[in-house]
Amino acid sequence: MKVSLTVNVDYWSGARELNCGKERLEDIIILHLEKGKDFFITVSGIYLKSCFGSSLNHLVQFSTPIRDNNTTDKDDSSSLLTTTPKLSIPKELWRIVDYIYKRGIDTKNLFMTDGVESEINLIRELLDTGTPFDPLYSGSIHSMAHCLIRFLKSLSEPVIPSHLYRQTLESSKYYSQSKQLMAGLEETHYNTFYYIVAFLREVLVHSGKNKTTGANLGYVFGDVLIRQGYEQEENEVVLRKKA
């Protein structure tokens, strides 16, 4: 007998390792019957790789869709040398930003209005498979904007790495310290940070039409560009509950 299930793997439960090929969906379950024999049940799965839940350094290694790549361990900085030159930023990030810039930068309440879940799921699938947005996607620009936020939030390592979380907060009041900290970022993280900031400046240039403010953008993007690691967040939640 064969039983098939469809399971959602979120960002906190192993997506990074699966996307990098470091983990595989396979195991053996031992079913023990009292006064009977043991049954060994093989469990295996096919994981559909996604740019969501990956790392920046992993994504820039491929010019082709992530679903087409079967390589492993590309997250390891010691194995970043490949025959194909790496990208400056993830192509998936460029596709989302390019779409918003060309088709919806004047949209009112940009980044302040929720997207439609079904549209966001479609965008994700198009990004993972490398399928052009046209003509399959004709949804709301707010869904595309929300997808950008979700993409950044899902990164296994944030744009500003989590080990710099405290240092970034402490230097945020001082321009020179902040500039020095950003200059010290690893190349891919620096490029991505610079690209996003440049895009957000363009959003503010069109604030007369989209009604977006710097405060709004800071509120929305602050939590996704810089955050603690997921393990740190979980530990703090446990400590708060104990307190």
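1. Let's start with Ile29. In this predicted model, Ile29 has a relative accessible area of 45% and is therefore partly exposed, because that class covers values between 20% and 50%. You will find Ile29 in strand S1, so look there when you begin turning the structure on your screen.

2. Which residues join Ile29 in a nonpolar surface patch? The patch is made by Ile29, Leu31, Leu33, Phe39, Ile41 and Val43, and it covers about 460 Å². Two elements each give two or more residues to it: strand S1, residues 26-32, and strand S2, residues 38-44. Of the contributors, S2 gives the most, with 3 residues. Try colouring the six residue positions named above to see the patch for yourself.

3. Now zoom out for a moment. The chain holds 11 helices and 2 strands. Following the sequence from its start, you meet one helix, then the two strands, and then helices through to the end, in the pattern α-β-β-α-α-α-α-α-α-α-α-α-α.

4. How much of the chain is buried? Of its 243 residues, 39% count as buried. The surface that the chain exposes comes to about 14900 Å², and carbon and sulfur atoms supply 54% of that area. Contacts tell another part of the story: among those between residues at least 6 apart in sequence, 68% join residues at least 24 apart.

5. Next, the aromatic rings. A pair of aromatic rings is described by the distance of the centres and the angle of the planes. A search of the whole structure finds 6 aromatic pairs. One of them is formed by Tyr99 and Phe133, with 5.4 Å from centre to centre and 80° between the planes, which makes the pair edge-to-face. Why does this pair tie together separate parts of the chain? Tyr99 lies in helix H3 (residues 91-103), while Phe133 lies in the loop between helix H4 (117-129) and helix H5 (141-154), so the pair joins parts that are 34 residues apart in sequence.

6. Are these two residues buried or exposed? Tyr99 has a relative accessibility of 9% and so counts as buried, because the cut-off for buried is under 20%. Phe133 is buried too, with a relative accessible area of 7%.

7. Tyr99 has a further partner. With Tyr137, Tyr99 forms an edge-to-face pair, 5.9 Å centre to centre and with 70° between the planes. This pair also links distant parts of the chain: Tyr99 is in helix H3 and Tyr137 is in the loop between H4 and H5, 38 residues apart. Both Tyr99 and Tyr137 are buried. Put together, Tyr99, Phe133 and Tyr137 form one aromatic cluster.

8. Charges meet rings here as well. The charged end of Arg95 sits over the ring of Phe133, at 4.3 Å from the ring centre. That brings Phe133 back into view, the residue you met in the aromatic cluster. Elsewhere in your list of things to look at, the charged end of Arg124 sits over the ring of Phe52, 4.3 Å from its centre.

9. Last stop: Lys153, which lies in helix H5. Its relative accessibility is 42%, so Lys153 counts as partly exposed. What separates the C-alpha atoms of Lys153 and Asp223 in space? The separation is 8.0 Å, although Lys153 and Asp223 are 70 residues apart along the chain.

Conventions
Residues are numbered from 1 along each chain as its sequence is written. This is a predicted model: local features need pLDDT of at least 70, side-chain atom pairs count only at pLDDT 80 or more; totals for chains, interfaces and linings use all residues. Side-chain values use heavy atoms; hydrogens and water are left out. Rings of Phe, Tyr and Trp (its six-membered ring) pair if their centres lie within 6.5 Å; planes under 30 degrees apart count as stacked, over 60 as edge-to-face and the rest as tilted. Helices (H or I, at least four residues) and strands (E, at least two) are DSSP runs, numbered from the N terminus. Buried means under 20% relative accessible area, exposed over 50%, partly exposed in between (1.4 Å probe, protein chains only). A charge sits over a ring if NZ of Lys or CZ of Arg is within 6 Å of the ring centre and within 35 degrees of the ring normal. Contact means heavy atoms within 4.5 Å. Accessible areas come from the Shrake-Rupley method with a 1.4 Å probe; for residues, only the protein chains shown count as cover. Patches are made of residues with over 30% relative accessible area and no salt bridge: like charges are joined within 9 Å, nonpolar side chains (Val, Leu, Ile, Met, Phe, Trp, Tyr) within 5 Å. A salt bridge is a side-chain nitrogen of Lys or Arg within 4 Å of a carboxyl oxygen of Asp or Glu.
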